[in-house]
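Hi,

Here is the structure I promised to pass on, with my notes on it underneath. Have a look at it first, then read on at your leisure.

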Amino acid sequence: MSRSKFADLVGVSINTVTGWINRGYLPVIRIGKYRLVNLALLHKLAYENAYPSTDAFKPRAASQHEGAESPDAPEQGHEDFD
């Protein structure tokens with residue numbers, strides 16, 4: 001799709017679309033001297049981000065930040081006096 005048609009569809013200026021293309025935010029296909037927005041690849045990328053693979057939901061190993069106390073650790077500096 002041409003930059004101007006894509007800009008109209010999305011509701012932004014042609015300069016904005018050109019900037020997105022130059023920064024790599026939009027996939028393009030080159031045909032001769034033209035760079036057209038690759039809607040098929042854009043749709044695929046949007047679909048993959050909307051429905052991530054189940055690998056993204058696998059539990060990760062619990063890690064503690066250095067210096068952070070675990071909830072089960074006794075408090076430092078507090079002693080019980082009987």
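Before the first note, a word on naming: helices here are DSSP runs of H or I with at least four residues, numbered from the N terminus. Please also keep in mind that this is a predicted model.

With that naming, helix α2 covers residues 14-23, and G24, which comes just after α2, takes a positive phi of about 85°. Within α2, the buried residues are V17, T18, G19 and I21. What lies over them? The cover on these buried residues of α2 includes α1, β1 and β2.

Two of those covering elements form a hairpin. Strand β1 is made of residues 28-31 and strand β2 of residues 34-37; they run antiparallel and are joined by four bridges. One pairing to look at is R30, whose bridge partner in β2 is R35. The hairpin has two residues between its strands, and G32 takes a positive phi there, near 65°. So if you are checking backbone angles, G24 and G32 are both on the positive side of phi.

On to the charged side chains. How many salt bridges does a search of the whole structure find? There is one. It joins the side chains of K44 and E48, with an N to O distance of 3.6 Å. Both residues belong to helix α3, residues 39-50, and sit four residues apart, or about one turn of the helix. Is this pair buried or exposed? Neither label fits, because partly exposed means between 20% and 50% relative accessible area: K44 comes out at 47% and E48 at 38%.

Last, the nonpolar surface. M1, L9, V10 and L39 together make a nonpolar patch of about 330 Å². One of its members, V10, lies in helix α1, which spans residues 3-10. V10 has a relative accessibility of 42%, so this residue also counts as partly exposed. As for α1 itself, it is the helix named above among the elements that cover the buried residues of α2.

That is what I have for now. Happy to talk any of it over whenever suits you.

Best wishes

Key. Residues numbered from 1 in each chain as written. Predicted model: local features only at pLDDT ≥ 70, side-chain atom pairs only at ≥ 80, totals over all residues. Heavy atoms only, no water. Pairing = 2+ DSSP bridges. Salt bridge = Lys/Arg side-chain N within 4 Å of Asp/Glu carboxyl O. Buried < 20%, exposed > 50% of the residue type's maximum accessible area, 1.4 Å probe, protein only. Patch = residues over 30% accessible without salt bridge, like charges linked within 9 Å, V, L, I, M, F, W, Y side chains within 5 Å. Areas by Shrake-Rupley, 256 points an atom, 1.4 Å probe, with all protein chains shown as cover. Contact = heavy atoms within 4.5 Å.
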